[in-house]
Protein chains: 2
Amino acid sequence: MFQPIRIARASNGIIYQIKESIFAGDLPPGHALPSEKELAEQFRVSRITVRDALRVLESQGLIQIKVGARGGAFVASPSADPVSESLTNMLRLKQATLVDLVEARILVEPHVAAIAAQRATPDDLAAMERAIAAAREARASGDRYFIPNSVAFHLALAEAARNPVLLFAVNSFRALFHEALSALLPADDMAERAIADHQKILDAIRARDGERARDVMREHLSYFSERVGAAGTPRNGRRRPATG
Amino acid sequence: MFQPIRIARASNGIIYQIKESIFAGDLPPGHALPSEKELAEQFRVSRITVRDALRVLESQGLIQIKVGARGGAFVASPSADPVSESLTNMLRLKQATLVDLVEARILVEPHVAAIAAQRATPDDLAAMERAIAAAREARASGDRYFIPNSVAFHLALAEAARNPVLLFAVNSFRALFHEALSALLPADDMAERAIADHQKILDAIRARDGERARDVMREHLSYFSERVGAAGTPRNGRRRPATG
DNA sequence: AAACGTATAAATATCATACATTTCGCGCCC
DNA sequence: GGGCGCGAAATGTATGATATTTATACGTTT
């Protein structure tokens, strides 16, 4: 019937106001906020309260705080890192498995590849080409740790879809996925297969063949999820019991 | 070659230790942490430093802080909300458009519906049923603002897919989408159509017909994106120029 | 006996002040 | 002209105090 009277913390109001200024564009990325002392004066609160607010904004990736002279709080550029970290936390708490992650990727990334085939600009194609070339070179010089190269390709591809929402989602998933995988050193044939797959996907995108790009990507992800042992058949009844 | 010596904030160490305790299961959800004073003594730092750490943990959704006697920090139950908020923030920073959001939703949610058809538990079905019933009731009582009811259904459906990663993604997209839409008061026929669509989707899920659920969901989203004017054909060349 | 009010205690929220540390920039000195 | 040191500016941390919130126990009233 009635709504509870919520007496928020003072820092919440500060967080809200700063957020609104950022989202409204009054504070573009890179722009400096006033110093803690000045903020405290403007908001008519103590430095402590201001700092509480800044800490929260920082942990949400909205600002970056630098110490020292000419330091202070600066509006951050959009980055998937804090999101990925929060996501990592949640998934660890929920005991989400690699299977969940792989399932999400198999669901999203093939379609992203298909969209990229329709929209990729010459710059995008060049970026993907560079990623593949770098992977080849690294492999030729004996670097068996090919994951960073693989990441570069997948990111370039997500860029090519020209949709920031999808880019961000793909980014977040990938960061988490590779963190989980960083322990494993891949077999040599996996690197070779990865490079070959990436090349095939790029070829399909160049040919503007969305369906082929999608199918190859799906194959690609399925193969690696099996090799990694996550589960080739993610819908096989290994689910956790419903918790309500 | 060499790694930089990082002199982190003291609060970072506290955050790390508490996180590890939570993830290790030493601190299950609902468990209370020591008071700020006790934590300050244990970590040999001031209360300020402890509070910085607690603020960050709270904003990441790992703990919940209650004031008053018997108050303090309690380990939170896993929730996608804070994570979704982070992603929503980033998308706002990136100035994602409605078109981008609609595209992402049309890409993800139909497949989520298909998965839900395979995995929905009786509880999940009941939750979706409740959401639809609530929407019907609200509409019968003259409440034309049906968006919250629609949200409830879509969330229940995402829950039914039993994949926390997908739940998180759907959650984040929807939050931003509805924020962008909150200005528009929907037409009456839209509410009716939405309820009917939801019912159809639920029927398909009950029948364990994933393909039908997927198709109806896709239709559902397409219809509303057109009505809302976001763009029925998201790939129509209105894209922003490549930024490199 | 149940309901209401009050006192008390425990915890967080906030304030004020001081000191420590980091970092940039200026200027001196060689 | 370049290295060096000093100082200013900003955040990081500490200390102590006060304000506010909230649960609990206890007493009073009806």
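**Where the DNA and the two chains meet**

In this predicted model, the helix that gives the most to the surface near DNA strand D is α3(B), with 4 residues. It isn't working alone, though: 24 residues lie around DNA strand D, and the ones that come nearest are A:G72, B:A10, B:S46, B:G68 and B:A69. Two or more residues apiece come from α2 (36–43) and β2 (72–75) of chain A, along with α1 (10–24) and α3 (47–59) of chain B. Sorted by class, the surface near strand D is a mix of 10 nonpolar, 8 polar and 6 charged residues.

Now for a look at β2(A) and its partner. Strand β1 of chain A, residues 63–66, pairs with β2(A) in the antiparallel sense, and 4 bridges join the two. Within this pair, A:K66 sits opposite A:G72 of β2(A), and A:G72 also turns up among the residues that come nearest to DNA strand D. The two strands make a hairpin with 5 residues between them. In that turn, A:G68 has a positive phi of about 90°.

Then there's the contact between the protein chains, which takes 44 residues from chain A and 44 residues from chain B. On the chain A side, two or more residues each come from α3 (47–59), α4 (81–94), α5 (98–119), α6 (122–140) and α8 (164–181). Of these, α4(A) gives the most, with 10 residues. The side of chain A that touches chain B splits into 22 nonpolar, 10 polar and 12 charged residues.

Note on methods. Residues numbered from 1 in each chain as written. Chains lettered and ligands numbered in written order. Predicted model: local features only at pLDDT ≥ 70, side-chain atom pairs only at ≥ 80, totals over all residues. Near = placed C-beta within 6 Å. Nonpolar A, V, L, I, M, F, W, Y, C, P; charged D, E, K, R; others polar. Contact = placed C-beta atoms within 7 Å. Pairing = 2+ DSSP bridges.
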